[in-house]
Amino acid sequence: QGGAIVNRLRTPVLRYILSLLAVAAMSALLYPLRPFLDTAAIALLYLLPVGLATAALGQGPGIMAAVLSFLAFNYLFVPPYYTLRVLHADNVVALLVFLVVAVVTNQLVGRARRSLEIATEREREATRLYELNAALMGVSNLQAIAQVVLHQVQITCQPDYLELQLRVDPGGQAVRATLPAAAAPADRKPTVSIPIQGPQGLLGEIVLWMPALRLSPSQHRLLGAIAGQVALALDRARLAQAENRAQVLEQSDALKSALLSSVSHELRTP
């Protein structure tokens, strides 16, 4: 229920409604104080809902808060009251300066908010890649690699359905894993397919059926990085398998040599 409430709070219409309510609340707070405050102080106080709406709700609701604050300031606090007409030139200048300052505040706060979001996304991506790399370290079994990748992609993108195909060599046998274990949705096409490209060629793909029609840029970028890490893990698995085969062949050759030496010794002994 808490997640559903948060999702509803993120809807665009509700963000604009909250922006409107912030300006209305500030107007209701300042109106009884109109005889005691000058227009400059009121203009500064009206910048508060603009900055708060931009920081909490985004630049669109912040612009709306700036325009509504401008109109409320003019309508309620600039003589003649309860009209948008302005009689004195100094009040016109004050209103224009307020509108410019409100828009600039919106842009600056919005830019800071976006920078914070980008930094948070980068940190989350780095954390996910570190967790994936740590989980894949030392894993050479294809099925184990597939399970690790399934888990990481699931917590990263939360798809409705996830299908993964991996192989050590481009022409080798593929291991297929899905989450959940049921069959893929027959009535929907995959949202995105991310190839896993290794030094030797195509080593598999990550196929997702998402609730939304497309991935966000952050999710797409992170999936590409995950595919690169998986390709490296598959290359390490291929080298580990080649090394194991070489060791088995070496042991087999040593055993053959020992057997031939023993047989030769027995044949030479009277």
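Hi everyone, let me start in the middle of the fold: strand S1 and strand S4 (residues 201-209) pair in the antiparallel sense over six bridges. Two strands count as paired if DSSP finds at least two bridges between them. Helices (H or I, at least four residues) and strands (E, at least two) are DSSP runs, numbered from the N terminus.

A quick word on the source. This is a predicted model, where local features need pLDDT of at least 70 and side-chain atom pairs count only at pLDDT 80 or more, while totals for chains, interfaces and linings use all residues. Residues are numbered from 1 along each chain as its sequence is written, and side-chain values use heavy atoms, with hydrogens and water left out.

Back to our strands. In general, strands of a sheet pair through backbone hydrogen bonds, either parallel or antiparallel. On the S4 side of S1, Leu 166 has Gly 204 as its bridge partner, and Glu 163 stands opposite Val 207. S1 is also joined to strand S2 (residues 175-179), by five bridges, and these two run antiparallel. There, Leu 164 stands opposite Ala 177 in S2.

Now add strand S3. Seven bridges join S3 to S4, again antiparallel, and the two form a hairpin with two residues between them. Pro 195 stands opposite Glu 205 in S4, while Ile 196 has Gly 204 as its bridge partner.

So what order do the four strands of the open sheet have? Reading across, the order is S2-S1-S4-S3, with antiparallel pairing. S2 and S3 (192-198) stand at the edges with a single partner strand each, so one side of each is left without a neighbour in the sheet. From one strand to the next, the twist averages 15°. Helix H6 packs on this sheet and touches S1, S2 and S4, and its direction makes about 150° with that of S1. For that angle, axes are lines fitted to C-alpha atoms, for helices over the stretch in contact, and angles run from 0 to 180 degrees between N-to-C directions. Touching, or contact, means heavy atoms within 4.5 Å.

How covered are the strands? S1 (residues 161-166) is mostly covered, with five of its six residues buried. S4 is mostly covered too, with seven of its nine residues buried. Buried means under 20% relative accessible area, exposed means over 50%, and partly exposed is in between (1.4 Å probe, protein chains only).

Let's move to the helices and pick three residues. Gln 152 is found in H6. Is Gln 152 buried or exposed? Gln 152 counts as buried because its relative accessibility is 6%. Beyond its neighbours within four places in sequence, Gln 152 is in contact with Arg 128, Glu 131 and Leu 132.

Thr 156 is in H6 as well, and is buried with a relative accessible area of 15%. Not counting residues up to four places away in sequence, Thr 156 touches Arg 128, Gln 219, Leu 222 and Ile 226.

Glu 125 lies in helix H5. Glu 125 is a charged residue by class, and its relative accessible area of 9% makes it buried. Leaving aside neighbours within four places in sequence, its contacts are Ser 218, Arg 221 and Leu 222. Here is a nice pair to find on the screen: Glu 125 and Ile 226 are 101 residues apart in sequence, yet 9.6 Å apart in space, C-alpha to C-alpha.

Last stop, the second largest pocket. Its volume is about 250 Å³, where a volume is the space filled by probe spheres set on grid points, joined across faces, edges and corners. A pocket is an open set of points on a 1 Å grid over the protein atoms alone where a 1.4 Å probe fits, with protein on both sides within 12 Å along at least five of seven lines, and lining residues have an atom within 4 Å of a point.

Which helices supply at least two residues each of the lining? They are H5 (89-136), H6 (142-157) and H7 (217-268), and the largest share, four residues, comes from H5. The lining includes Glu 125 and Thr 156, along with Arg 128, Gln 219 and Leu 222. By class, it has three nonpolar, five polar and four charged residues. Here Ala, Val, Leu, Ile, Met, Phe, Trp, Tyr, Cys and Pro count as nonpolar, Asp, Glu, Lys and Arg as charged, and the others, Gly among them, as polar.

Thanks for listening!
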